[in-house]
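Reader: I would like to go through this model step by step, from the annotated regions to the sheet and the helix contacts. Please show it before we begin.

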Amino acid sequence: MCTSSTISPDITLYTWATANGVKASITLEELCLPYKTEPIDIGTNIQKEEWFLKINPNGRIPALVDGSQRVFESCSIMLYLADKYDTDRKISYAPGTPEYTEQVSWLMFQVGGIGPMQGQANHFRLAASVRSDYGIKRYIDETKRLYSVLEYRLKESPYLAGSKYTIADIASYTWVIRSPELLEIDLSEFPALKKWVDEIGRRAAVQKGADVPRLDRTDEQRKEFIRNARARIDGMTNSDKN
């Protein structure tokens, strides 16, 4: 639970309700930091406009401005916030410790593995302009392989970086939690991973941060959108060459 704090940062978060976007808002909520939210509807390509490119030259969300400091790339934002503001080490380990190195390793695992591979799985299963059964299978299989790595780790440790919940857990959680609905991955195949997902999902800061920015649509509207996207792909002829 957040208590009153003497810290008064001038933080603005530019974000949208994606797996990467909510990494930043969950981290801010866990640290009880005040911040302003600027919704960036990526469907309108506002993130490619010149004013936004001055904040993130790559034209992606999330991005954050803290006073005069800009920070872009989701895990960079998480590390920045933890290193600067998590003085009590509530959701991070101290730089220079073995646990900090483990934490960074799992952050990079998400950045280099789960994010790109599951992102491609989402694309081929829900958003591609042509149907590729090879692409769908290849990236869903790789996503599940990466989940097996998380499963292996979580069988021996309650959290990815060690004995406590950290930003490393947040980074992978925001992707894994979406896979049953988007990719129809059954998390019961990974019992330790599912237990971890369920536990993290009960955290108040996670629930609050996952709803940033709040979108003007119901759960049923979201589910209908996903069903329609999946049906569109299923209705196409496979474009792969035999």
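Reader: Which residues does UniProt give for the feature "domain: GST N-terminal"?
Author: The model is a predicted one. The feature "domain: GST N-terminal" comes from an unreviewed UniProt entry. Over that span the chain is 34% helix and 21% strand, and the end C-alpha atoms are 18 Å apart. The record places the feature at residues 8-89.

Reader: What is the order of the strands in the open sheet?
Author: The sheet is built from 4 strands, and the pairing is mixed. E2 and E4 each have a single partner strand, so they stand at the edges, with one side of each left without a neighbour in the sheet. The twist averages 20° from one strand to the next. The order is E2-E1-E3-E4.

Reader: What angle does the direction of H1 make with that of E1?
Author: H1 packs on the sheet, where it touches strand E1 (11-15) and E3. The angle between the directions of H1 and E1 is about 150°.

Reader: Which residue in the turn between E3 and E4 has a positive phi?
Author: Strand E3 (residues 63-66) and strand E4 (residues 69-72) run antiparallel and are joined by 4 bridges. Val-65 has Arg-70 in E4 as its bridge partner, and Asp-66 stands opposite Gln-69. The two strands form a hairpin with 2 residues between them. The residue in the turn with a positive phi, of about 65°, is Gly-67.

Reader: Which residue has a positive phi although it is not a glycine?
Author: The residue lies in the loop between helix H1 (19-30) and strand E2 (36-39). Its phi is about 55°. The residue is Cys-32.

Reader: Which residue does a cis peptide bond join to Ile-61?
Author: The omega of this bond is about 0°. The partner is found in the loop between helix H2 (50-53) and E3. Ile-61 is joined by the cis bond to Pro-62.

Reader: Where is Pro-213, the residue reached by the cis peptide bond from Val-212?
Author: The peptide bond from Val-212 to Pro-213 is cis, with omega near -10°. Pro-213 has its place in the loop between helix H9 (204-209) and helix H10 (219-234).

Reader: How many of the residues in the contact of H3 with H6 are nonpolar?
Author: Helix H3 (residues 74-85) and helix H6 (residues 167-176) pack at an angle of about 155°, their axes being 10 Å apart; H3 and H6 are therefore roughly antiparallel. H3 passes H6 in a right-handed crossing. Cys-75, Met-78, Leu-79 and Ala-82 of H3 make the contact with Ile-167, Ile-170 and Ala-171 of H6. No polar and no charged residues take part, and the nonpolar count is 7.

Reader: What share of the span that UniProt lists for "domain: GST C-terminal" is helix?
Author: The record, an unreviewed entry, lists residues 96-225 for this feature. The end C-alpha atoms of the span lie 45 Å apart. Strand accounts for 0% of residues 96-225, and helix for 72%.

Reader: Are H4 and H5 roughly parallel or roughly antiparallel to each other?
Author: Helix H4 (residues 98-127) passes H5 in a left-handed crossing, with the axes 8 Å apart. The contact includes Trp-106, Phe-109 and Phe-124 of H4 and Tyr-139, Leu-146 and Leu-150 of H5. By class it has 13 nonpolar, 5 polar and 4 charged residues. The angle is about 155°, over the cut-off of 145, and H4 and H5 are therefore roughly antiparallel.

Reader: How is H5 oriented to H8, roughly parallel or roughly perpendicular?
Author: The axes of helix H5 (residues 133-156) and helix H8 (residues 191-201) are 7 Å apart, at an angle of about 80°. Angles of 65 to 115 degrees count as roughly perpendicular, so H5 to H8 is roughly perpendicular.

Reader: Which residues of H8 meet H5?
Author: On the H5 side the contact has Tyr-147, Leu-150, Glu-151, Leu-154 and Lys-155. The residues of the contact of H5 with H8 divide into 7 nonpolar, no polar and 2 charged. The H8 residues are Pro-191, Ala-192, Leu-193 and Trp-196.

Key
Residues numbered from 1 in each chain as written. Predicted model: local features only at pLDDT ≥ 70, side-chain atom pairs only at ≥ 80, totals over all residues. Heavy atoms only, no water. Axes fitted to C-alpha atoms, helices over the stretch in contact; angles between N-to-C directions. Parallel < 35°, antiparallel > 145°, perpendicular 65-115°, else oblique. Contact = heavy atoms within 4.5 Å. Nonpolar A, V, L, I, M, F, W, Y, C, P; charged D, E, K, R; others polar. Left-handed = near helix turned anticlockwise from the far one by under 90°. Pairing = 2+ DSSP bridges. UniProt positions renumbered as here; feature names shortened; annotations may be inferred.
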